[in-house]
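These are my notebook entries on one structure. I record what I looked up, entry by entry.

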There are 2 protein chains.
Amino acid sequence: MRISKINKMHNLSKNQQIIFDLIDKSSEPLKAYAILFNVQKKGIKAPLQVYRALDKLVEIGKIHKIESRNAFIACHNSSCQVAKATAFSICEICEKVTEISSAGLSKYLANFKDKDGMKYSKYNLEFFGLCKKCR
Amino acid sequence: MRISKINKMHNLSKNQQIIFDLIDKSSEPLKAYAILFNVQKKGIKAPLQVYRALDKLVEIGKIHKIESRNAFIACHNSSCQVAKATAFSICEICEKVTEISSAGLSKYLANFKDKDGMKYSKYNLEFFGLCKKCR
DNA sequence: TAATGTTTTGTTATATTATAACAATGTGTA
DNA sequence: TACACATTGTTATAATATAACAAAACATTA
Ligand SMILES: [Zn+2]
Ligand SMILES: [Zn+2]
Ligand SMILES: [Zn+2]
Ligand SMILES: [Zn+2]
């Protein structure tokens, strides 16, 4: 199978694929300029090339941005291929980040109504604490 | 009552008080450099002076940071004078931000356990949608 | 194939957000 | 007073992100 065919399956362009692969195989969230440094040998030279790929990957739900850390991780939660409802746990010592996949939590938040009765289908939740190792 | 006395009540230093007052009277979240611009006439000239005050104000729970917007709002929720559990609704059109004060929500999140049975007392939740006006 | 619109890329420059390092001053308390 | 500690002032710099424009690649269909 040709690479272009594989890319088409995932709807990823060349730069998007390079950057997704890097994030996907990383064991920790990656920052934009760390990504840039890592992909320079593959011909991606400018910040904007990285940010454009990141924007697209977030938009299609392949990666998520950890807002409090300005960093990106791959989504391993098959139920959130659209980037609209995310939850993470973040260790305040080692900065390990894990995506939380909880049917109960997502149901609760998707059904949450504020004082005006307003419901929100899109949210981002970041829990902070100490991971197993750091406790 | 002297100003120094008032400051003492709130434990705010001069710069902290100036910056808190500005944020507190603002109807929208303020960004650090917008704050800097606004307080230059009061003698605060450098970014670091702003960031130091912001850090302290966040730490003592007088203000919160809206992570997805890099902006700050005053806390009007008497139950969260320590900055550890925050929830906001954010309008994706007009960028209006409201702090959510829901006993049910905070109870649910404070008691939430992940797959490993881990509880998190600190979290930040950002809901996105359209406010009343923008709907 | 050729024409067309759309997405992606490449590139330079610049804007925005945030911290490092160090010296000086103020504040509370013993 | 003397001491510890928090706060301030200042310059420089690091880190994060976008503007603007031109060229190339890709998809759709005439
Ligand atoms: Zn996900
Ligand atoms: Zn840890
Ligand atoms: Zn609050
Ligand atoms: Zn609105």
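**Entry 1: the zinc site**

I began with the zinc ion (ligand 4), which is coordinated by the SG atoms of B:Cys91, B:Cys94, B:Cys131 and B:Cys134 at 2.3 to 2.4 Å. I note at once that this is a predicted model. I then looked up the angles: they run from 106 to 114° among the 4 donor atoms, and the site is tetrahedral. For reference, the ideal angle for four tetrahedral donors is 109.5 degrees. Along the chain, the donors of the zinc ion (ligand 4) follow the spacing C-x2-C-x36-C-x2-C.

I asked next whether B:Cys91 is buried or exposed. B:Cys91 has 2% relative accessibility and therefore counts as buried, the limit for that class being under 20%. B:Cys94, another donor to the zinc ion (ligand 4), has 39% relative accessibility and counts as partly exposed.

**Entry 2: strand 4 of chain B**

I turned to strand 4 of chain B, which covers residues 85–91. Of its 7 residues, 6 are buried, so strand 4 of chain B is largely enclosed by the rest of the structure.

Which strands pair with strand 4 of chain B? Strand 6 of chain B (residues 122–129) runs parallel to strand 4 and is joined to it by 7 bridges. Within this pairing, B:Thr86 has B:Asn124 as its bridge partner. Strand 5 of chain B (residues 97–99) pairs with strand 4 in the antiparallel sense, over 3 bridges. In the hairpin formed by strands 4 and 5 of chain B, 5 residues lie between the strands, and B:Glu95 takes a positive phi near 70°.

**Entry 3: B:Phe88**

I selected B:Phe88, which has its place in strand 4 of chain B. Its relative accessibility is 0%, so B:Phe88 counts as buried. Opposite B:Phe88, in strand 5 of chain B, stands B:Glu99.

I then listed the contacts of B:Phe88, not counting residues up to four places away in sequence. Among them are B:His64, B:Ile66 and B:Ile73. The list also includes B:Val97, B:Thr98, B:Glu99 and B:Ile100, as well as B:Asn124, B:Leu125, B:Glu126 and B:Phe127. I also looked up one C-alpha to C-alpha separation: B:Phe88 and B:Leu125 are 6.3 Å apart in space and 37 residues apart in sequence.

**Entry 4: strand 6 and the other chain**

Strand 6 of chain B is mostly covered, with 7 of its 8 residues buried. Which strand of chain A is joined to strand 6 of chain B? Strand 6 of chain A (residues 122–129) runs antiparallel to strand 6 of chain B, and 7 bridges join the two. In this pairing, A:Phe127 has B:Tyr123 as its bridge partner.

**Entry 5: the three-stranded sheet of chain B**

I looked up the open sheet of 3 strands in chain B, which has the order 1-3-2 with antiparallel pairing. Strand 1 (30–31) and strand 2 (63–66) of chain B stand at the edges; each has a single partner strand, so one side of each is left without a neighbour in the sheet. Strand 2 of chain B pairs with strand 3 of chain B (residues 71–74) over 4 bridges, in the antiparallel sense. B:Ile66 stands opposite B:Ala71 in strand 3 of chain B. B:Ile66 also appears in the contact list of B:Phe88.

**Entry 6: helix 2 in each chain**

Helix 2 of chain B (residues 14–25) has 12 residues. From first C-alpha to last, helix 2 of chain B reaches 17 Å, close to the 16 Å expected at 1.5 Å a residue. The buried residues in helix 2 of chain B include B:Gln16, B:Gln17, B:Ile18, B:Ile19 and B:Phe20, together with B:Leu22 and B:Ile23.

In chain A, I picked A:Asn15, which lies in helix 2 (residues 14–25). A:Asn15 has a relative accessible area of 18% and is therefore buried. Leaving aside neighbours within four places in sequence, A:Asn15 is in contact with A:Ile44, A:Gln49 and A:Ala53.

**Entry 7: chain A overall**

Finally, I took the totals for chain A, which has 5 helices and 6 strands. Read along the sequence, the pattern of chain A is α-α-β-α-α-β-β-β-β-α-β. Of its 135 residues, 43% are buried. Among contacts in chain A between residues at least 6 apart in sequence, 49% join residues at least 24 apart. Chain A exposes about 8000 Å², of which carbon and sulfur atoms supply 53%.

Methods: Residues are numbered from 1 along each chain as its sequence is written. Chains are lettered from A and ligands numbered from 1 in the order in which they are written. This is a predicted model: local features need pLDDT of at least 70, side-chain atom pairs count only at pLDDT 80 or more; totals for chains, interfaces and linings use all residues. Side-chain values use heavy atoms; hydrogens and water are left out. Buried means under 20% relative accessible area, exposed over 50%, partly exposed in between (1.4 Å probe, protein chains only). Two strands pair if DSSP finds at least two bridges between them. Donors are N, O and S atoms within 2.8 Å of the metal (3.2 Å for Na, K and Ca); water is not among the atoms, so sites may look incomplete. Four donors count as tetrahedral if all angles lie between 85 and 135 degrees; four count as square planar and six as octahedral if opposite donors are over 155 degrees apart and all others between 65 and 115; anything else is irregular. Contact means heavy atoms within 4.5 Å. Accessible areas come from the Shrake-Rupley method with a 1.4 Å probe; for residues, only the protein chains shown count as cover. The expected span of a helix is 1.5 Å times one less than its number of residues.
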